[in-house]
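Here is a short briefing to read alongside the model. Take a moment with the view below, then follow the points by topic.

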Amino acid sequence: MPNCLFCRIANGEIPADKVLETPDVVVFRDINPQAPTHVLAIPRRHVPAFSALGPDDGALLGKLAEALNRVATQEGLSDGYRVVCNNGPRAGQSVDHLHLHLLGGRDLNWPPG
């Protein structure tokens, strides 16, 4: 998607503080962090939202999870972290490209919002 912010980050057209790249996933630091560690994991392939995932996307979700687990280890989050996926504007999704938030490095209260 040529106008998608996250597609442009994944393609290297827009700079980002990338912490991990694989053939299928890019993980980069959030520009408005809500915790000492706050990164976003996105698929390189444009998927507009979690609800757009289909029965053939299980492997993609596994790759996103694997990438976030690697980053959590790199960032020293062995004492805990949170993974969040907002789906749609009422849930706070502000970019129409599937992304998972990894937050850690401080106590995270419940409920979150």
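A residue counts as buried when its relative accessible area is under 20%, and as partly exposed when the value lies between that and 50%. C4, at 9% relative accessibility, is therefore buried. Please keep in mind that this is a predicted model. The points below start with C4 and its partner H97, then move to the aromatic pair, the largest pocket and the segment after strand 5.

**C4 and H97**

- C4 sits in the segment before helix 1.
- Leaving aside neighbours within four places in sequence, C4 is in contact with H46, D96 and H97.
- In space, C4 and V95 are 8.0 Å apart from C-alpha to C-alpha, while 91 residues separate them in sequence.
- H97 belongs to the loop between strand 4 and strand 5.
- With a relative accessibility of 0%, H97 falls under the 20% limit and so counts as buried.
- Beyond its neighbours within four places in sequence, H97 is in contact with C4, F6, C7, I42, P43, R44, R45, H46, V47 and P48.

**The aromatic pair**

- How many aromatic pairs does the structure hold? There is one.
- F6 and F28 make up this pair, which is edge-to-face, with 5.5 Å from centre to centre and 75° between the planes.
- Because F6 lies in helix 1 and F28 in strand 2, the pair ties together parts that are 22 residues apart in sequence.
- F6 and F28 are both buried.
- F6 also appears among the contacts of H97.

**The largest pocket**

- The volume of the largest pocket is about 600 Å³.
- Its lining is made up of 28 residues, and D30, N32, Q34, H38 and H101 are the ones nearest the centre of the pocket.
- Two or more lining residues come from each of helix 1 (5-10), strand 2 (25-29), strand 3 (37-43), strand 4 (81-84) and strand 5 (100-104).
- Which element gives the most to the lining of the largest pocket? Helix 1 does, with three residues.
- Sorted by class, the lining of the largest pocket has 14 nonpolar, nine polar and five charged residues.

**The segment after strand 5**

- R106 is found in the segment after strand 5.
- Is R106 buried or partly exposed? Its relative accessibility is 41%, so R106 counts as partly exposed.
- Not counting neighbours within four places in sequence, R106 is in contact with Q34, A35 and P36.
- A polar atom of the R106 side chain lies 2.7 Å from the backbone oxygen of Q34.
- The C-alpha atoms of R106 and Q34 are separated by 9.9 Å, with the two residues 72 apart along the chain.
- Q34 is also one of the residues nearest the centre of the largest pocket.
- G105 lies in the segment after strand 5 too, and its relative accessible area of 48% makes it partly exposed.
- Setting aside residues up to four places away in sequence, G105 touches P36 and L77.
- G105 and N69 are 36 residues apart in sequence, and their C-alpha atoms are 14 Å apart in space.
- P111 is found in the segment after strand 5 as well, and the peptide bond from W110 to P111 is cis, with omega near 0°.

Methods. Residues are numbered from 1 along each chain as its sequence is written. This is a predicted model: local features need pLDDT of at least 70, side-chain atom pairs count only at pLDDT 80 or more; totals for chains, interfaces and linings use all residues. Side-chain values use heavy atoms; hydrogens and water are left out. On a 1 Å grid over the protein atoms alone, a cavity is a set of points where a 1.4 Å probe fits but cannot get out, and a pocket is an open set with protein on both sides within 12 Å along at least five of seven lines; lining residues have an atom within 4 Å of a point. Grid points are joined across faces, edges and corners, and a volume is the space filled by probe spheres set on the points. Helices (H or I, at least four residues) and strands (E, at least two) are DSSP runs, numbered from the N terminus. Ala, Val, Leu, Ile, Met, Phe, Trp, Tyr, Cys and Pro count as nonpolar, Asp, Glu, Lys and Arg as charged, and the others, Gly among them, as polar. Buried means under 20% relative accessible area, exposed over 50%, partly exposed in between (1.4 Å probe, protein chains only). Contact means heavy atoms within 4.5 Å. A polar contact is a pair of N or O atoms within 3.5 Å; within protein, one must be able to donate a hydrogen and the other to accept it, and residues adjacent in sequence count only if both atoms are side-chain atoms. Rings of Phe, Tyr and Trp (its six-membered ring) pair if their centres lie within 6.5 Å; planes under 30 degrees apart count as stacked, over 60 as edge-to-face and the rest as tilted.
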